Amino acid sequence: VLTTREIDGEEPYLLMGFRPGIDRAAFRRAVIAQDIPAAVAMMNRLPVCPGDAYLIPGRLPHAIGPGVLMLEVQEPTDLVVQPEERIGDVRLTRRDMWQSLSVDEGLDCFEYRGRSPEEVRAELGLRPRPADGPFATLVGKDETDCFSVYRLTLGPGETFKLRMTSPWLLATAVGGDGTVAGESPRPVRHGDGFLIPHSVREPVFTAGTK
């Protein structure tokens with residue numbers, strides 16, 4: 001989660017996993033009737049703030065509430081089930097919602113196991129684990145072998161040389177500005193995304209002085 005804001009007095013949140021007592025038949029009825037408030041009420045609503053991170057496993061129903069700007073890293077998938085006919089003002093086609101699946105096949109993609117909000121946080125919440133100084137692991141081999149996610153935090157004017165262990169790295173500057181250097185430094189500012197290619201094995205990150 002990068003930034004959050006209240007909208008019409010509603011605190012920012014994520015929906016993650018079904019609440020205890022979930023009933024597949026009741027969820028199916030809500031989806032068929034497009035009673036979205038009823039379907040949402042069957043899920044856990046977790047307030048979030050900047051810096052929060054969660055790992056969403058396959059089959060876990062989830063959605064992003066209003067007022068949340070987040071960075072989502074995911075493994076590509078062939079199937080995405082979206083039980084809502086509308087996303088804002090956009091009306092989805094049946095294929096948008098269910099891909100090549102029938103409605104019941106699509107609903108079978110979800111895991112109907114109830115969790116409390118405390119269980120969701122305990123099972124899915126991520127905390128940075130120090131890997132090399134200010135370079136920390138958020139998602140590593142302990143969580144999945146599909147991808148990794150790291151967080152680099154530098155103070156004003158600080159420099160860090162990363163010794164690459166992966167073939168390449170995609171990075172996003174989520175705050176501040178500075179430079180990243182391979183053969184020569186390049187400016188980076190808040191919101192920039194960039195690729196560290198295989199040819200650069202020890203990129204140097206330098207934070208700005210403000």
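Which element gives the largest share of the lining of the second largest pocket? In this predicted model, the answer is strand S15, from which 3 residues of that lining come. The pocket itself holds about 240 Å³ of space, and 13 residues line it, of which Gly182, Arg186, Leu195, Pro197 and Val200 are the closest to its centre. Two elements give two or more residues to this lining, namely strand S13 (177–181) and strand S15 (193–196). When the lining residues of the second largest pocket are divided by character, 8 are nonpolar, 3 are polar and 2 are charged. In general terms, empty space of this kind is revealed by rolling a probe the size of a water molecule over the atoms.

The chain in which this pocket is found has 210 residues, and buried residues make up 31% of them. Its secondary structure comprises 5 helices and 16 strands, and the C-alpha trace spans about 60 × 40 × 35 Å along its principal axes.

Strand S13, which contributes to the pocket lining, also takes part in two strand pairings. With strand S14 (residues 185–189), S13 pairs in the antiparallel sense over 5 bridges, and these two strands form a hairpin that has 3 residues between them. With strand S16 (residues 204–207), S13 is joined by 4 bridges, and this pairing is again antiparallel. Gly178 illustrates both pairings, since Gly178 stands opposite Val188 in S14, while the bridge partner of Gly178 in S16 is Ala207.

A separate part of the description concerns the open sheets. One open sheet consists of 3 strands in the order S8-S9-S10, with antiparallel pairing. Its edge strands are strand S8 (129–132) and strand S10 (149–152), each of which pairs on one side only, and the twist from one strand to the next averages 40 degrees. Strand S9 (residues 135–139) pairs with S10 in the antiparallel sense over 4 bridges, whereas S8 and S9 pair in the antiparallel sense over 3 bridges. Ala136 can be followed across the sheet, for Ala136 stands opposite Arg151 in S10, and Pro130 stands opposite Ala136 in S9. The hairpin of S8 and S9 has 2 residues between the strands, and in this hairpin Gly133 takes a positive phi near 60 degrees.

Another open sheet of 3 strands has the order S3-S2-S4, also with antiparallel pairing. Strand S3 (43–47) and strand S4 (62–64) stand at its edges and have a single partner strand each, so one side of each is left without a neighbour in the sheet. In this sheet the twist averages 20 degrees from one strand to the next. S2 and S4 pair in the antiparallel sense over 3 bridges, and Met16 stands opposite His62 in S4. As a general rule for regular strands, the side chains alternate between the two faces of the sheet.

The aromatic residues give a further view of how parts of the chain are connected. A pair of aromatic rings is described by the distance of the centres and the angle of the planes. The structure holds 7 aromatic pairs, one of which is formed by Phe18 and Tyr112, a stacked pair with 5.3 Å centre to centre and 10 degrees between the planes. Phe18 lies in strand S2 (residues 13–18) and Tyr112 lies in the loop between helix H4 (103–107) and helix H5 (117–124), so the pair ties together parts that are 94 residues apart in sequence. Phe18 counts as buried because its relative accessibility is 0%, whereas Tyr112, at 23% relative accessibility, counts as partly exposed.

In the pair of Phe135 and Phe160, the ring centres are 6.1 Å apart and the planes stand at 15 degrees, so this pair is stacked. The pair links distant parts of the chain, with Phe135 in strand S9 and Phe160 in strand S11 (residues 159–161), 25 residues apart. Phe135 is buried, with a relative accessible area of 11%, and Phe160 is buried, with a relative accessible area of 8%; the cut-off for this class is under 20%. Ring pairs also link Phe18, Phe27, Phe110 and Tyr112 into a cluster.

Methods
Residues numbered from 1 in each chain as written. Predicted model: local features only at pLDDT ≥ 70, side-chain atom pairs only at ≥ 80, totals over all residues. Heavy atoms only, no water. 1 Å grid on protein atoms, 1.4 Å probe; cavity = no way out; pocket = protein on both sides within 12 Å on 5 of 7 lines; lining within 4 Å. Points joined across faces, edges and corners; volume = space filled by probe spheres on them. Nonpolar A, V, L, I, M, F, W, Y, C, P; charged D, E, K, R; others polar. Pairing = 2+ DSSP bridges. Axes fitted to C-alpha atoms, helices over the stretch in contact; angles between N-to-C directions. Phe/Tyr/Trp six-rings, centres within 6.5 Å; stacked < 30°, edge-to-face > 60°. Buried < 20%, exposed > 50% of the residue type's maximum accessible area, 1.4 Å probe, protein only.
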